[in-house]
Amino acid sequence: MTGTKRTLDAFFQPVAQKKSKVDESEDIPTTGLPSSTPSSDNAKRDRLGVLAPLQPPDALSQPPSTHPTYPHPIAALPGPLTSALATATPSSPARALSNGPALDLLYFEPFIPRRAADDLFRHLRASLPFYRVRYTINRGGSGPVDVTTPRYTTVFGVDESCVFGGPNSDHNGQGAAIPGEAPPVELLDAKTRAPIPSNRFTRAPRPLPSSLAALRDAVQQATGQTYNFCLVNYYASGADSISMHSDDEKFLGRDPAIASLSLGARRDFVMKHKLDRAAPTLKLPLASGDMVLMRGTTQGAWLHGVPKRSAKTVGDMGRINITFRKAIVRGGTENYYRYNVGDGECWRWDARKREMVEWRDKEKGDSRKS
Ligand SMILES: O=C(O)CCC(=O)C(=O)O
Ligand SMILES: [Fe+2]
């Protein structure tokens, strides 16, 4: 593992950084951010420009996000995590990785300070609705084959043809404007702002809850890109995986930029060139808080995946991966909800059992709402 890392390091070149850096060794304890640290985001100045005392972290905690498409309310980030995202990312400068034909990566190692990343992992695992999607594929002449995605997934967002509108809509109509406030309910045409008929999409698009909207904002700022989709994978153990693939569907447009954030257990992110057998196979041992931006010609030329691992190498922590993407047309929305929410039951983390359990809305007797 270290050998791989050293080899890759030889190809890394530092790139310019926009925001101030917090060294990894200065990890922010998210359970008690230094309350005297001046922060441009939550410190308020009076008319003479004198800094008023910061709010204690607890006062920054907000109510959960709710929306008709959510199977249950989704908890807002605790105040210290909101502060860490706003003030401590990127936690290390991006390094460019281009040691292969048409490879164009930015590697933040890490993007979120390690301890905050672990807190974020636990928070998101406990608060998001997940799915174990089933679908049928036709492979050659052997007839249809039923497949269950080998990991838990969930998705939020809508393609560029629509925005979520209403009093709380933010600058790009993709999530709650103010942390903790309900995301805008109504789906509107991006150009005319006319309401979208409820039968436009097979599965109703879901706005980003405030927790993921805060994360998306931090990632946008660090990468200089905008995103309207957030796909979440939860790998519960080393048996969960994603096979080699590329994210270069037409609905993402040419040379898409995809930001991929890792939280929790360390897993290998493997990249192989699609055609050039002489190109090196890359293995990035992504740890909690690390982020890779895949951009330019990368998706067209390379495959990537997270292979299965034995329980011994992964430990029992589990891993969450979050990708931020921009879908341009409706086909992207259809595809992402089909393969990341699907039509099956909702799963939630059970803190007592320490495993995912099928979740049912007791009042409605149903686990699905889109
Ligand atoms: O888990 C990862 O690191 C990769 C996820 C991925 O490639 C995807 O969701 O398309
Ligand atoms: Fe991918």
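This passage describes the fold of one chain, the surroundings of its ligand and a hairpin formed by two of its strands.

The structure is a predicted model. Its chain has 370 residues, of which 42% are buried. The secondary structure consists of seven helices and 19 strands. Contacts within the chain often link residues that lie far along the sequence from one another: among contacts between residues at least 6 apart in sequence, 73% join residues at least 24 apart.

Ligand 1 is surrounded by residues drawn from several parts of the sequence. The shell includes Leu231 and Asn233, and strand β10 (229–235) is one of the strands that supply at least two of its residues. The other strands that each contribute at least two are β12 (258–264), β16 (302–306) and β17 (319–325). Ser260, Ser262, His304, Val306, Asn321 and Thr323 are also among the residues around the ligand, as are Ile242, Asp247 and Phe269. By residue type, the shell divides into four nonpolar, six polar and one charged.

Strands β18 (residues 346–350) and β19 form a separate topic. The two strands pair in the antiparallel sense, and five bridges are found between them. In one of these pairings, Trp347 has Glu358 in β19 as its bridge partner. The hairpin has four residues between the strands, and Arg354 takes a positive phi near 55° there. Strand β19 covers residues 355–359, and zero of its five residues are buried, so the strand lies largely in the open. Here a residue counts as buried if 20 or more other C-beta atoms lie within 10 Å of its own.

Key. Residues are numbered from 1 along each chain as its sequence is written. Chains are lettered from A and ligands numbered from 1 in the order in which they are written. This is a predicted model: local features need pLDDT of at least 70, side-chain atom pairs count only at pLDDT 80 or more; totals for chains, interfaces and linings use all residues. A residue is buried if 20 or more other C-beta atoms lie within 10 Å of its own, exposed if 12 or fewer, and partly exposed in between; C-beta atoms are placed from the backbone. Two strands pair if DSSP finds at least two bridges between them. Two residues are in contact if their C-beta atoms, placed from the backbone, lie within 7 Å. A residue is near a molecule or strand if its C-beta atom, placed from the backbone, lies within 6 Å of it. Ala, Val, Leu, Ile, Met, Phe, Trp, Tyr, Cys and Pro count as nonpolar, Asp, Glu, Lys and Arg as charged, and the others, Gly among them, as polar.
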